[in-house]
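Subject: The structure, and what turned up in it

Hi,

Here is the structure I promised to send over. Have a look at it first, and then read on for what I found.

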Amino acid sequence: MTTCTVSELEQALQGETSPLLLDVRTAEELEIAQIAGAHHIPLDALSMRGAELSDWRDKEIVCMCHHGMRSAHAQQILLNQGFTKVCNLTGGIHAWAVTIDPSMAQY
C-alpha cells in the first residue's frame, strides 16, 4: 500500500494541484483538531458514501485518521471501489501536530 509522510503532504498541499485530504475520524475527533480543507467522511460511513468522491476516482487522495490505522482501512475501501491514487498518511493527524503544526491540539 502507498503511504505518504506529513512532510510530503505539506508540500503537496502547497502545490498547484493539491490532493484531496480525506479525514476518516469521528466527528468528535474532528472537533479536537483538523487540517483546514479536509473532507470528512467517518470510516464507518465510507463504504456507503464513497460515491461522494467520484470526481477524485483518478486523482490523488490522502486518507488520514489519528495515527494511521483507520486510514489504512479507508485506503483499502477506496482501492476496492476503483479509486486509483490513494495513499495513507503515516502517523495521521498526530504526526501532523507534532511535526508540521505544533499549535494543533493533540489527543
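A quick word on terms before the layout: helices here are DSSP runs of H or I with at least four residues, strands are DSSP runs of E with at least two, and both are numbered from the N terminus. Please also keep in mind that this is a predicted model.

**Overall layout**

With that settled, the elements of the protein run β-α-β-α-β-α-β-α-β-α from the N terminus on. That makes five helices and five strands. For 107 residues, a compact globule would have a radius of gyration near 13 Å, and the protein agrees because its value is 13 Å. Taken along the principal axes, the box filled by the C-alpha atoms is roughly 35 × 30 × 20 Å. Buried residues account for 41% of the 107 residues. If you take the contacts between residues at least 6 apart in sequence, 66% of them join residues at least 24 apart.

**The nonpolar cores**

The largest nonpolar core has 16 residues, and the members that touch the most others are L22, L46, L53, I61, C63 and L78. Strand 2 (20-23), helix 3 (43-49), strand 4 (61-64) and helix 4 (69-80) each give at least two residues to this core. Another core lies apart from it, with 15 residues that include I35, V62, C87 and A95.

What does L22 touch, beyond residues up to four places away in sequence? The partners of L22 are H39, I41, L46, L53, I61, V62, C63, M64 and L78.

**Helix 5**

In helix 5 (residues 92-99), the buried residues are G92, I93, A95, W96 and A97. These buried residues pack against helix 1 (6-13), strand 4 and strand 5 (86-89). As a reminder, an α-helix has 3.6 residues a turn, so residues three or four places apart point the same way.

**The cavity**

How many cavities of 30 Å³ or more does the structure hold? There is one, and the volume of the largest cavity is about 30 Å³. Its lining consists of A33, H66, I93, H94, A97, M104, A105, Q106 and Y107. Sorted by class, that lining has six nonpolar residues, three polar ones and no charged ones. I93 and A97 appear in this lining and are also buried residues of helix 5.

**Four residues to click on**

*R25.* You will find R25 in the loop between strand 2 and helix 2 (27-32). Is this arginine buried or exposed? R25 counts as buried because its relative accessibility is 0%, where the cut-off for buried is under 20%. Not counting residues up to four places away in sequence, R25 touches L30, A33, Q34, H40, P42, M64, C65, H66, R70, I93 and Y107. Among these partners, A33, H66, I93 and Y107 also line the largest cavity. The C-alpha atoms of R25 and I41 are separated by 7.6 Å, with their positions 16 residues apart along the chain.

*S71.* This serine is in helix 4, and S71 counts as buried because its relative accessibility is 0%. Setting aside residues up to four places away in sequence, S71 touches V24, C63, M64, C65, N88 and L89. From S71 to I32, 39 residues apart in sequence, the C-alpha distance is 18 Å.

*L43.* Helix 3 is where L43 sits. At 17% relative accessibility, L43 therefore counts as buried. Apart from residues up to four places away in sequence, its contacts are V24, R70, H73, A74 and I77. V24 is thus a contact that L43 and S71 both have. The C-alpha atoms of L43 and W96 are 19 Å apart, and the two residues are 53 apart along the chain.

*E60.* This glutamate lies in the loop between helix 3 and strand 4. E60 has 38% relative accessibility, so it counts as partly exposed. Neighbours within four places in sequence aside, E60 is in contact with P19, L20, K85 and C87. C87 is one of the residues of the 15-residue core. E60 and A12 are 48 residues apart in sequence, and their C-alpha atoms are 10.0 Å apart in space.

Enjoy looking around, and write back with any questions.

Best wishes

Definitions and conventions:
Residues are numbered from 1 along each chain as its sequence is written. This is a predicted model: local features need pLDDT of at least 70, side-chain atom pairs count only at pLDDT 80 or more; totals for chains, interfaces and linings use all residues. Side-chain values use heavy atoms; hydrogens and water are left out. On a 1 Å grid over the protein atoms alone, a cavity is a set of points where a 1.4 Å probe fits but cannot get out, and a pocket is an open set with protein on both sides within 12 Å along at least five of seven lines; lining residues have an atom within 4 Å of a point. Grid points are joined across faces, edges and corners, and a volume is the space filled by probe spheres set on the points. Ala, Val, Leu, Ile, Met, Phe, Trp, Tyr, Cys and Pro count as nonpolar, Asp, Glu, Lys and Arg as charged, and the others, Gly among them, as polar. A nonpolar core is a set of buried Ala, Val, Leu, Ile, Met, Phe, Trp, Tyr and Cys residues joined through side-chain atoms within 4.5 Å. Buried means under 20% relative accessible area, exposed over 50%, partly exposed in between (1.4 Å probe, protein chains only). Contact means heavy atoms within 4.5 Å. The radius of gyration is taken over C-alpha atoms; the globule rule is 2.2 Å times the number of residues to the power 0.38.
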